[in-house]
Amino acid sequence: MSTTPHDWALYEVFVRARAGLDHKHVGSLHAADPQMALQHARDTYTRRQEGVSIWVVRSDQISASDPSDADALFSPADDKVYRHPTFYTIPEGVEGL
Amino acid sequence: MTTPDVTTLTPVPAADDAARLARFEAHVAAEEKVEARAWMPEAYRRTLIRQISQHAHSEIVGMLPEGNWITRAPTLRRKAVLMAKVQDEAGHGLYLYSAAETLGVSRAELIDQLLAGTAKYSSIFNYPTPTWADIGAIGWLVDGAAIMNQVALCRCSYGPYARAMVRICREESFHQRQGFEIMLTLSRGAAAQRAMAQDALNRWWWPSLMMFGPSDRDSVHSAQSMRWKIKRVSNDDLRQKFVDATVPQAQFLGLTVPDPDLRLDDATGHYHFGELPWHEFHEVLKGNGPCNRERLAARRAAHDEGAWVRAAALAYSRKQQARQSRAS
Ligand SMILES: [Fe+2]
Ligand SMILES: [Fe+2]
């Protein structure tokens, strides 16, 4: 996204709800710089103790996979059921597996 | 919500289009969500932009009638609550603008449309708030009606909009409760306070019912929107649900709903209610409501008076960047 002189850049916001959890994408906002993006993120996305940590990143810095490539990218995993533990039969009586 | 790639939104040849459309419709019919940047029919995208931006504008303009009472709230507790509520509405506007931006429009563009008077927002915010009881009635009825609508939209087929709705609904329930609490206090108070509560109910009842939009008989966009699961419940069904939920609450308050035709239909278990004043609805929609001009003037003034702040913040950030690149 190009930033015209009067437009603040778009940032994506990620919030860690509490220690032990991953940061999770919660939405986006506009800000003039990263510092302001953090302040806006605090006011916009954590008014009710939703988080203990915030990441912001400019939206135009994110590289995303193309939705139309989803099949090519992800369907090869469909027929590899042996990657899941449920694929294997364990005889009755065997424990700890 | 990544920046939508504009190239994916340009029209494709007709044959391709038909196949894509079929795949899209099957996807939506299977209750799968549509995400930003995925292929979507142009009409789906346009409908969503219109609906989400109208919704965003409503949250922003909706701050004005209540903002009118922040400095005059009767106690410090009420003032803190009202400020928190109005701040939430600003947040709702921001969540929604950012959901709309995933469809390839910029927030600046949408705000320009609002300020130019070419975009719509909910007509309910064109009514005035002359008494403190109006703040109670807005929370109880207007937020109550908004919640009915928004809960249904949590299942919208467009992912970013549905997620914004979930977040908004989590925040809304206190809005309705604080309004009901104001009405309860007034209706248990002195005769003048009870009269004030009744007067507010009289003025807000019909406009609240009109928040659900035109009757299904006359609704232009409904059928397609229901098929694409942009809209999940019809206007009339939501309105009925709201009346059924709200009438017993009014009875608890000891207030009279201003509808001589209102009665509980024993056979269906639903309240039958009178014909809505549609003429008034269309007048307000056309811009002839009590506060249409005032609301837009207030938004324009806020935008203009904030221009120097936006410019200064940008100038500051450029200066910081320049300083950093000199230092490194
Ligand atoms: Fe709201
Ligand atoms: Fe609200």
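Here are some notes on the two chains, A and B, of this predicted model.

1. Starting with chain A, there are two helices and three strands to look at. Walk along the sequence and they come in the order β-β-α-β-α. That pattern is handy to keep in view for the individual residues picked out below.

2. The overall dimensions of chain A deserve a moment. Its radius of gyration is 21 Å, whereas a compact globule of 97 residues would have one near 13 Å. The C-alpha trace spans about 65 × 35 × 15 Å along its principal axes. So if you had a compact globule in mind for chain A, the radius of gyration does not fit that rule, which for this chain length gives a value near 13 Å.

3. How much of chain A is buried? Of its 97 residues, 26% count as buried. The accessible surface adds up to about 6900 Å², and carbon and sulfur atoms account for 53% of that. As for contacts, take those between residues at least 6 apart in sequence: 44% of them link residues at least 24 apart.

4. On charge, chain A carries 9 positive and 14 negative side chains. The centres of those two sets sit 9 Å from each other.

5. Gly27(A) is one to click on. You'll find Gly27(A) in strand E2, which runs over residues 23–31 of chain A. Is Gly27(A) buried or exposed? Gly27(A) is buried, because its relative accessible area is 0% and the cut-off for buried is under 20%. Gly27(A) and Ala41(A) are 14 residues apart along the chain, and their C-alpha atoms are 9.1 Å apart.

6. Gln49(A) has a backbone angle worth checking. Most residues other than glycine have a negative phi. Gln49(A), though, has a positive phi, near 55°. Its place is the loop that connects helix H1 (34–45) to strand E3 (53–58) of chain A. With a relative accessible area of 78%, Gln49(A) counts as exposed, because the cut-off for that is over 50%.

7. Now for chain B, which has 13 helices and two strands. A compact globule with 328 residues would have a radius of gyration near 20 Å, and chain B has 22 Å, so the two agree. Its C-alpha atoms fill a box of roughly 70 × 55 × 35 Å along the principal axes.

8. In chain B, buried residues make up 48% of the 328. The accessible surface is about 15700 Å², with 57% of it belonging to carbon and sulfur atoms. Among contacts between residues at least 6 apart in sequence, 79% join residues at least 24 apart. Chain B has 40 positive and 36 negative charges, and the mean positions of the two groups lie 7 Å apart.

9. If you only have time for one helix, try H10(B). Helix H10 of chain B takes in residues 235–253, 19 residues in total. From first C-alpha to last it reaches 27 Å, close to the 27 Å expected at 1.5 Å a residue. Immediately after H10(B) comes Gly254(B), with a positive phi of about 75°.

10. Which residues of H10(B) are buried? Among them are Leu238(B), Phe242(B), Val243(B), Val247(B) and Leu253(B), and the list also includes Arg239(B) and Asp244(B). The cover over the buried residues of H10(B) includes helices H6 (133–153), H7 (159–187), H8 (191–210) and H11 (278–288) of chain B, along with strand E2 (271–272).

11. Arg37(B) also has a positive phi, near 75°, and is not a glycine. Look for Arg37(B) in the loop between helix H1 (14–29) and helix H2 (42–61) of chain B. Arg37(B) counts as buried because its relative accessibility is 15%, against a cut-off of under 20%.

12. Two more helix residues in chain B are useful as landmarks. Val166(B) belongs to helix H7 and is partly exposed, with a relative accessible area of 36%. Val166(B) and Ala152(B) are 14 residues apart in sequence and 10.0 Å apart from C-alpha to C-alpha. Ala19(B) is in helix H1 and, at 41% relative accessibility, also counts as partly exposed. The C-alpha atoms of Ala19(B) and Gln178(B) are separated by 50 Å, with these positions 159 residues apart along the chain.

Technical notes. Residues are numbered from 1 along each chain as its sequence is written. Chains are lettered from A and ligands numbered from 1 in the order in which they are written. This is a predicted model: local features need pLDDT of at least 70, side-chain atom pairs count only at pLDDT 80 or more; totals for chains, interfaces and linings use all residues. Side-chain values use heavy atoms; hydrogens and water are left out. Helices (H or I, at least four residues) and strands (E, at least two) are DSSP runs, numbered from the N terminus. The radius of gyration is taken over C-alpha atoms; the globule rule is 2.2 Å times the number of residues to the power 0.38. Buried means under 20% relative accessible area, exposed over 50%, partly exposed in between (1.4 Å probe, protein chains only). Contact means heavy atoms within 4.5 Å. Accessible areas come from the Shrake-Rupley method with a 1.4 Å probe; for residues, only the protein chains shown count as cover. Lys and Arg count as positive and Asp and Glu as negative; His and the chain ends are not counted. The place of a charge is taken as NZ of Lys, CZ of Arg, CG of Asp or CD of Glu. The expected span of a helix is 1.5 Å times one less than its number of residues.
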